[in-house]
Amino acid sequence: MKLVVFGAFLFLGVLTSCQSIPKDFKAPESHYIKNTEQTWWAKTLAAEIKKHPDQSGFIPLASGPDAFVARLASVRKAERSLDIQYYIWHDDLVGRMLMHDVLQAADRGVRVRLLLDDLNIGQYQDTLLVLDSHPLIEVRMFNPFANRKLRFLDAFRFSQVNRRMHNKVMIADNQTAILGGRNIGNEYFTASEEENFGDFDVWCFGPVAEESSQSFDLYWNNKLAVPIPVLNKRELKNPELAELRQNLASAKTEVQNSKYGQDLENSRLMKQVHERDVKAFWGRAKVFYDSPEKVENGKSSLMLNQITALPIRSTKEVFIVSPYFIPGKKGVDYFAKKSKEGIKVTVVTNSLASNDVSLVFAGYKKYRKGLIKGGVDLYEIKPRINVKARKSKVAGSSGARLGLHGKVYVFDRHVMFVGSMNLDPRSVELNSEMGVLLENKNFANQFVDLMTTELPDIAYQVTLEGGDLRWTTREEEGTVTLKKEPEASFWKSFQAGFLGLFVPESLL
């Protein structure tokens, strides 16, 4: 009987492996709208842009509410176009509220292009099909699965589906762009009561916005960007868009009636937008991104190579924030060399307890002792902090479980890279990534100072004592040092230990 069942699954797998993404479909090429000089955003930013020729402006979005306000403001003030590209967009309150505002933007005449990775979003394909039925909204799925329901059967196409579009950007009127680590969902904006991520974005103005638009067009017009109606051929009924509009409006009302919603509307950043008094840092900046060919065939020029080829030479300090951090032996040797040269190296990543992908931790943990011996100051984010003792600007104060998700790299407190890229094999070799390299001493100093101030409360400093790891942190009762992996469940420890033995590091 077991052989019969196995044979049936094997036959089904072989049969469905013959399925492929449709190739002869209509996906008209389109490009970002350039003549947006008379839009609200262009007029609001014109004076500051004129004061800073050849520079871009950027606002740090360290807190979840500020990051959500920036997106709401971008959408609500858009007049010509919205180009939106994300890896994850959850069907939760935050996701539906933002989708409501996007739909309203289309209702008032804004052209919307929504590009989503199919790995996490495909389960909402009916909602996306309805959204796409709006005459001014087009939805495309990047690197879609051939099997729309039994997705595990695409394992026969593993080399293709294992490569994902990890890019994250929202562009309004080709005038503003939000880049960074956040996906769309409650936990990325400190709106969850169960689990939130400490994350980081930058809200950019000036030349960086158009560079982001160029990146978006490259992905939008790639053959892996497939229109949702090609994938989901369900016939729509007339009232479905109206029903979706009503459901999204209910989600928005629920958020607005909550304390979180009130905090959004009353935020200082929202007030600055309404008063056209947005305060930004200014400096030279450039957007970097992988080619879509990295997902298609892995043969593109890697973004990391583009950045490392730049004449950025740290002489004093390297400050790294990467939630998924697998340096490899070369990385350990590199950081040890920097430390020997007198350069202070700080790495902030997730602890096992705060990591939402335990298998990635399996790839990281074997390098901890080497990093510490090489002189690296190593910190691991705690899953919970004592919010009564200290209200964290980085972690928020909801009391929910905490995980790190921001990706920021700072060189000599002068140059920063903020984006979607982790320092792990998946980001470097498999997924497509993007981010912005910016230059401003005040901005960089503000970020490092904020993190340095918060770290004793929100993280464990990992050190060595007699060859064994120790975890030191500040609690309400004072400084505490632990001798075992802090707060990790049996299942997480099992995944990071036993199961980690069977997954190649190149896939983590």
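## A sheet, its helices and some aromatic contacts

Let's start with a strand pair: β1 (residues 56-61) and β8 (residues 201-205) run antiparallel and are joined by five bridges. Within this pairing, proline 60 of β1 has valine 202 in β8 as its bridge partner. Keep in mind that this is a predicted model.

Both strands belong to an open sheet of nine strands with mixed pairing, in the order β9-β4-β3-β2-β5-β6-β8-β1-β10. The edges are taken by β9 (225-227) and β10 (281-283); each has a single partner strand, so one side of each is left without a neighbour in the sheet. On average, neighbouring strands are turned by 20° against each other, direction ignored.

Two helices that pack on this sheet are set out here.

| Helix | Strands touched | Angle between directions |
|---|---|---|
| α2 (residues 40-51) | β5, β6, β8 and β10 | about 85° with β8 |
| α8 (residues 207-220) | β1, β2, β3, β4, β5, β6, β8 and β9 | about 65° with β3 |

Now to the aromatic residues. The whole structure holds 21 aromatic pairs. One of them joins phenylalanine 200 and phenylalanine 447 edge-to-face, with 4.9 Å centre to centre and 70° between the planes. Phenylalanine 200 sits in the loop between β7 (195-198) and β8, while phenylalanine 447 is part of helix α19 (residues 441-458), so the pair ties together parts that are 247 residues apart in sequence. Buried means under 20% relative accessible area. Phenylalanine 200, at 4%, therefore counts as buried, and so does phenylalanine 447, at 6%. The two rings are members of one aromatic cluster, which also includes Phe58, Phe281, Phe319 and Phe443.

Rings also meet charges here. The charged end of lysine 77 sits over the ring of tryptophan 40, 4.9 Å from its centre. Likewise, lysine 382 places its charged end over the ring of tyrosine 460, at 6.0 Å from the centre.

Histidine 405 is worth a look too. This residue lies in the loop between β15 (401-404) and β16 (408-411), and histidine 405 is buried, with a relative accessible area of 4%. Among the residues that histidine 405 touches are Lys168, Asn183, Tyr188, Phe197, Asp199 and Tyr324.

Finally, consider helix α20 (residues 490-497), where Lys492, Gln495 and Ala496 are buried. Seen down the axis of α20, the buried residues fall within an arc of 95°, so they line one face of the helix. An α-helix has 3.6 residues a turn, so residues three or four places apart point the same way. The buried residues of α20 pack against α16 (358-365) and β15.

Notes. Residues numbered from 1 in each chain as written. Predicted model: local features only at pLDDT ≥ 70, side-chain atom pairs only at ≥ 80, totals over all residues. Heavy atoms only, no water. Helix = DSSP H or I, 4+ residues; strand = E, 2+ residues; numbered from the N terminus. Buried < 20%, exposed > 50% of the residue type's maximum accessible area, 1.4 Å probe, protein only. Contact = heavy atoms within 4.5 Å. Arc of directions from axis to C-beta. Pairing = 2+ DSSP bridges. Axes fitted to C-alpha atoms, helices over the stretch in contact; angles between N-to-C directions. Phe/Tyr/Trp six-rings, centres within 6.5 Å; stacked < 30°, edge-to-face > 60°. Lys NZ or Arg CZ within 6 Å of the ring centre and 35° of its normal.
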